[in-house]
Amino acid sequence: MMDPTTDNAGSSDRARSSLESLRTEISKAVVGQDPAVTGLVVALLCRGHVLLEGVPGVAKTLLVRALAASLELDTKRVQFTPDLMPSDVTGSLVYDARTTEFSFQPGPVFTNLLLADEINRTPPKTQSSLLEAMEERQVTVDGTPRPLPEPFLVAATQNPVEYEGTYPLPEAQLDRFLLKLTVPLPGRDDEIAVLRRHAEGFNPRDLRAAGVRPVATAADLDAARAAVAKTAVSPEITAYVVDICRATRESPSLALGVSPRGATALLSTARAWAWLTGRDYVIPDDVKALALPTLRHRVQLRPEAEMEGVTADSVVTAILNHVPVPR
């Protein structure tokens, strides 16, 4: 008779192998950007949402589409514009003349992976229409709550706020994103590889022709999430996470520090990273590895610090260097 413990370990190992292969599969469409790929996988494991920030043309949209194709998930895309209405995202009641009744027409949010393209191009009213969906995993139309599919992840792309025609996301909505991932311009060698692929006929709108195939299933994701939930966290690691977050509240450069929700998010992402790297327990390096993407959007700089060129990343990095690491 098979030992259930051994069976669970085998399922966990298979799930880890499948999720690790996502990086290879996505690289068939996207050159580089491994940190962003890893961040998206961590968000899936933690049932969180991701904000991707970068200038236009660095493959943010292609990255999300390649992830969906590699996981065989249903995906939909919403292009956020200044005239987009909340009902364009969540759905609305539509009158049916044949039945003389109103029926609910689901919006694009009813999917597994919602690509919210250029979310900071639309006014706050429409941005906030995603809040309930992201937090409660449901939408309420005409007083009736309607659950969203599982898994459900919002991957929102954002242009840096110094570009014209953008609406900075309010703190309440930023805090709903588990991770904020920066998508930088590629290095010279990576950019040469991108141009070479296009010269050879690569079509970003046809991922199947590029060889992208599903390499992980919903069952793999469920097994992975169960394994992450069993990843051990010592009292010292918990205290380390709390000390880091409390230090942001005392930083003279910050007007707003990390909330307890942010501390919970950091612990969750560290556990997911520990499991992905093959351990069933969390070490301080796991916390450090995920601190920037988990915390950078949860702090607010003081105006005088911003004028001096201080960034959220530099403040969080300084805190990581200052807070004592548990032995």
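Helix α10 passes α12 in a right-handed crossing. In this predicted model, the axes of α10 (residues 235-250) and α12 come within 11 Å and cross at roughly 35 degrees. On the α10 side, the contact is made by Ile-237, Tyr-240, Val-241, Ile-244 and Cys-245. Helix α12 contributes Pro-284, Val-287, Lys-288 and Leu-295. Sorted by character, the residues of this contact are 8 nonpolar, no polar and 1 charged.

**After helix α12**

Helix α12 spans residues 284-295, and the loop between α12 and β11 (300-301) holds Arg-296. Arg-296 has a relative accessible area of 13% and is therefore buried, since buried means under 20%. The side chain of Arg-296 is joined to that of Asp-313 by a polar contact of 2.9 Å. Not counting residues up to four places away in sequence, Arg-296 touches Lys-180, Leu-181, Thr-182, Ala-291, Ala-312 and Asp-313. Asp-313 thus appears both among the residues touched by Arg-296 and as its partner in the polar contact.

Ala-312, one of the residues that Arg-296 touches, also serves as one end of a distance across the model. Arg-205 and Ala-312 are 107 residues apart in sequence, and their C-alpha atoms are 35 Å apart in space. Arg-205 is placed in the loop between α8 (188-199) and α9 (218-229). With a relative accessible area of 71%, Arg-205 is exposed.

**Two residues of helix α11**

Helix α11 covers residues 260-276 and includes Arg-261. Ala-274 has its place in helix α11 too. Are these residues buried or exposed? Arg-261 is partly exposed, at a relative accessible area of 35%, whereas Ala-274 counts as buried at 0% relative accessibility.

A polar contact of 2.8 Å joins the side chain of Arg-261 to that of Asp-175. Beyond its neighbours up to four places away in sequence, Arg-261 touches Glu-135, Asp-175, Arg-176 and Arg-298. Ala-274, with neighbours within four places in sequence left aside, is in contact with Thr-231, Arg-279, Tyr-281, Val-282 and Asp-286.

Two C-alpha distances relate these residues to other parts of the chain. Arg-261 and Pro-293 are 32 residues apart along the chain, and their C-alpha atoms are separated by 15 Å. For Ala-274 and Asp-285, 11 residues apart along the chain, the separation is 9.0 Å.

**Loops and backbone features**

The loop between β5 (113-117) and α5 (124-127) contains Pro-123. Glu-118 has its place in the loop between β5 and α5 as well. Pro-123 is partly exposed, with a relative accessible area of 21%. Which residues does Pro-123 touch, not counting those up to four places away in sequence? They are Thr-81, Pro-82 and Tyr-167. The C-alpha atoms of Pro-123 and Gln-79 are separated by 13 Å, with these positions 44 residues apart along the chain counted as their sequence separation.

Glu-118 is not a glycine, yet its phi is positive, at about 55 degrees. Arg-47 likewise has a positive phi, near 55 degrees, in a residue other than glycine. Arg-47 lies in the loop between α2 (34-45) and β1 (50-53). The table lists the accessibility of these two residues.

| Residue | Relative accessible area | Class |
|---|---|---|
| Arg-47 | 42% | partly exposed |
| Glu-118 | 22% | partly exposed |

Another backbone feature is a cis peptide bond, which joins Glu-150 and Pro-151, with omega about 0 degrees. Pro-151 is found in the loop between β7 (144-147) and β8 (153-158).

**An aromatic pair**

How many aromatic pairs are counted? The count comes to 1 aromatic pair. Its rings belong to Phe-104 and Phe-110, with centres 5.7 Å apart and planes at 70 degrees, so the pair is edge-to-face. The angle decides the class because planes over 60 degrees apart count as edge-to-face. Phe-104 and Phe-110 are both buried.

How values were computed:
Residues are numbered from 1 along each chain as its sequence is written. This is a predicted model: local features need pLDDT of at least 70, side-chain atom pairs count only at pLDDT 80 or more; totals for chains, interfaces and linings use all residues. Side-chain values use heavy atoms; hydrogens and water are left out. Helices (H or I, at least four residues) and strands (E, at least two) are DSSP runs, numbered from the N terminus. Buried means under 20% relative accessible area, exposed over 50%, partly exposed in between (1.4 Å probe, protein chains only). A polar contact is a pair of N or O atoms within 3.5 Å; within protein, one must be able to donate a hydrogen and the other to accept it, and residues adjacent in sequence count only if both atoms are side-chain atoms. Contact means heavy atoms within 4.5 Å. Axes are lines fitted to C-alpha atoms, for helices over the stretch in contact, and angles run from 0 to 180 degrees between N-to-C directions. A crossing is left-handed if the near helix is turned anticlockwise from the far one by less than a right angle, and right-handed if clockwise. Ala, Val, Leu, Ile, Met, Phe, Trp, Tyr, Cys and Pro count as nonpolar, Asp, Glu, Lys and Arg as charged, and the others, Gly among them, as polar. Rings of Phe, Tyr and Trp (its six-membered ring) pair if their centres lie within 6.5 Å; planes under 30 degrees apart count as stacked, over 60 as edge-to-face and the rest as tilted.
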